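Hi everyone, thanks for coming. Let me put the model up on the screen, and then we'll go through it together.

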Amino acid sequence: MLIKRSPQGIDLPLPSEITPRAVFESRREFIRTLALGAVAGSGLWEMANREAFAQAPGAQKLSAALNPAYALLEKKTAYKDATTYNNFYEFGTDKADPAQTAGTLRPRPWTVSIEGEVKKPLLLDLDSLQKLAPLEERIYRLRCVEGWSMVIPWVGYSLSHLLKKVEPTSNARYVEFITLEDKKQMPGLRSPVLEWPYVEGLRLDEANHPLALLTVGMYGEVLPNQNGAPVRIVVPWKYGFKSAKSIVKIRFTKDQPRTAWNLAAPNEYGFYSNVNPNVDHPRWSQATERRIGEDGFFARKRKTLMFNGYPEVASLYAGMDLKKFY
Ligand code: MTE
């Protein structure tokens with residue numbers, strides 16, 4: 001491109017070099033469409049990998065519009081990988097176990113009780129829970145503490161919609177998520193790997209952050225059992241174990257809840273567990289991650305991002321030493 005000098009000494013393009021605005025804008029729109037089509041929707045990628053994206057036969061579809069504010073522009077993890085490589089210790093400790101054994105979970109009928117430090121406790125069945133707010137599709141990155149990640153199109157709505165319904169009292173400072181404990185449905189409960197039920201927790205302001213998702217589906221369908229049917233949370237800026245599956249009770253508390261992994265190994269799994277490449281797990285580094293589906297000899301490691309790439313949550317931790325509050 002030819003450059004001329006302006007009187008102020010600033011380099012300016014020659015008028016003949018300037019692309020007319022209409023042409024420039026249509027080109028920009030074209031590039032945007034291409035990028036969105038190729039990356040976010042990953043239409044071509046999904047078509048080329050049709051088998052890996054084939055979904056559960058007969059699963060209930062959920063209609064949910066993609067929320068563009070939460071549509072991560074990365075290739076989605078294949079449905080097959082997201083539903084056969086799971087952590088759900090109530091169904092076994094091997095990654096392949098939940099897909100094989102979670103058929104015994106009965107996701108209907110199901111109720112969720114919202115109680116504790118609230119003025120209006122609520123008991124909701126699944127249909128009422130699904131209808132409480134408009135369902136959205138959100139494409140989030142989920143980073144497991146073990147060093148792998150996936151990109152999943154979840155279906156749900158901001159947890160805050162549900163939390164405000166019960167009107168927390170002035171004592172409420174934390175929210176505890178208690179998951180199903182039923183030996184008849186969950187063979188893994190016979191093994192004492194964790195204290196059952198699986199419990200997780202968030203500070204109230206974390207739970208009210210719009211990113212925290214009350215999740216009832218993925219890939220446009222109800223959650224498969226192994227992914228936490230019929231209702232779980234997804235907290236994308238925290239390690240995956242904070243995203244409790246198959247929730248039956250949500251309790252507002254004054255004191256910080258005692259959570260399953262924190263009880264099992266307090267020096268390894270903190271209450272906060274924000275994704276943080278600068279704070280290593282005592283037994284391994286957290287600086288990089290392996291994207292599920294990119295395995296193989298030439299698979300590159302990806303750099304793990306602070307708060308898993310969701311910097312908008314940083315203000316929740318202003319003034320806190322995140323090495324101490326890991
Ligand atoms: N929730 C319950 N009830 N039981 C569990 O064992 N595992 C957690 C979390 N939620 C777990 C759970 C962990 S360690 C991770 S990484 C994520 O679920 C995995 O979610 P996914 O299998 O849908 O990828």
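So, this is a predicted model, and the protein chain has a mean pLDDT of 89, with 87% of its residues at 70 or more; pLDDT is the predictor's confidence in each residue, from 0 to 100. Over residues 1–34 the pLDDT is below 50, and this stretch makes 18 contacts in the model beyond near neighbours in sequence, a contact being heavy atoms within 4.5 Å.

A quick word on conventions. Numbering runs from 1 along each chain as its sequence is written, and side-chain values use heavy atoms, without hydrogens or water. Local features need pLDDT of at least 70 and side-chain atom pairs 80 or more, while totals for chains, interfaces and linings use all residues.

Now to the ligand. Surrounding it are 16 residues, each with a heavy atom within 4 Å; the closest are Asn86, Tyr89, Glu90, Arg232 and Lys245.

Which ligand atoms do the polar side-chain atoms of these residues approach? Asn86 comes to 2.8 Å from an oxygen, Lys245 to 2.7 Å from an oxygen, and Glu90 to 2.8 Å from a nitrogen. The protein buries 98% of the 540 Å² that the ligand exposes when taken alone, by the Shrake-Rupley method with a 1.4 Å probe.

Terms used: A polar contact is a pair of N or O atoms within 3.5 Å; within protein, one must be able to donate a hydrogen and the other to accept it, and residues adjacent in sequence count only if both atoms are side-chain atoms.
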